[in-house]
Amino acid sequence: MKTIKLSWREEAGKFSLAVEYSRMWPFEIEEIEQIAAKWGFAVNSAGQRQLGDLSGRWTPPESAEAIPAMRNSLREIGVKTIFEGEEE
């Protein structure tokens, strides 16, 4: 199972998620980012990913259901999400 690690960040009063991807191909990361975008996350990526680019920044939507829904969708494609402070 692939893993992504998420940690909350705050800049100028706005929250976002710093994302660290485990060793993945760019197309796998793009698929994960598409799922996050589907659930309303603003995914900050500069176009096509390069090999070795294993981090990102997502801005969550207002919906309280977005994070659990996104986690479930990622689990369905074999991606485990771990938030900072959760056990692996």
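Helices, labelled H, are DSSP runs of at least four residues, numbered from the N terminus. Keep that in mind as we walk through this predicted model, starting with a residue on one of those helices.

Glu 31 lies in helix H1. With a relative accessible area of 37%, Glu 31 is partly exposed, because that value falls between the 20% limit for buried and the 50% limit for exposed. Its C-alpha atom is separated by 9.4 Å from that of Leu 74, although the two residues are 43 apart along the chain. Leu 74 belongs to helix H2, where it is one of the buried residues, and that brings us to how the two helices meet.

Two packed helices are described by the angle between their axes and the distance between the axes. Here, H1 (residues 26–38) and H2 (residues 66–76) pack at an angle of about 150°, and their axes are 9 Å apart. The crossing of H1 past H2 is right-handed. On the H1 side the contact is made by Ile 32, Ile 35, Ala 36 and Lys 38, and on the H2 side by Met 70, Ser 73 and Leu 74. Sorted by class, five of these residues are nonpolar, one is polar and one is charged.

Stay with H2 for a moment. Its buried residues are Ala 66, Ala 69, Met 70, Arg 71, Ser 73 and Leu 74. An α-helix has 3.6 residues a turn, so residues three or four places apart point the same way. What covers the buried residues of H2 includes H1, together with strands E1, E4 (55–59) and E5. Just after the helix, Gly 78 takes a positive phi of about 85°.

Strand E5 (residues 79–83) holds Thr 81. This threonine counts as buried because its relative accessibility is 7%, under the 20% limit. What does the side chain of Thr 81 make a polar contact with? Its partner is the side chain of Arg 71, at 2.6 Å. Leaving aside neighbours within four places in sequence, Thr 81 is also in contact with Ile 4, Leu 6, Leu 74 and Glu 86.

Several of these names return in the largest nonpolar core. Of its 17 residues, Ile 4, Leu 6, Tyr 21, Ile 32, Phe 41, Trp 58 and Leu 74 touch the most other members. Strands E1 (2–11), E2 (14–21) and E5 each give two or more residues to this core, as do H1 and H2. The largest share, four residues, comes from H1. Leu 6 shows how varied the contacts of a core member can be: beyond four places in sequence, Leu 6 touches Leu 17, Ala 18, Val 19, Trp 58, Thr 81, Ile 82, Phe 83 and Glu 84.

Phe 41 sits in the loop between H1 and strand E3 (42–44). Is Phe 41 buried or exposed? At 3% relative accessibility, Phe 41 counts as buried. Its contacts beyond four places in sequence include Leu 17, Ala 36, Trp 58, Pro 60, Pro 61, Ala 66 and Met 70.

For contrast, look at the loop between E1 and E2, the place of Ala 12. Ala 12 counts as exposed because its relative accessibility is 85%, over the 50% limit. Most residues other than glycine have a negative phi. Ala 12, although not a glycine, has a positive phi of about 50°.

Terms used. Residues numbered from 1 in each chain as written. Predicted model: local features only at pLDDT ≥ 70, side-chain atom pairs only at ≥ 80, totals over all residues. Heavy atoms only, no water. Buried < 20%, exposed > 50% of the residue type's maximum accessible area, 1.4 Å probe, protein only. Polar contact = N/O pair within 3.5 Å; in protein donor to acceptor, adjacent residues only side chain to side chain. Contact = heavy atoms within 4.5 Å. Axes fitted to C-alpha atoms, helices over the stretch in contact; angles between N-to-C directions. Left-handed = near helix turned anticlockwise from the far one by under 90°. Nonpolar A, V, L, I, M, F, W, Y, C, P; charged D, E, K, R; others polar. Core = buried A, V, L, I, M, F, W, Y, C linked by side-chain atoms within 4.5 Å.
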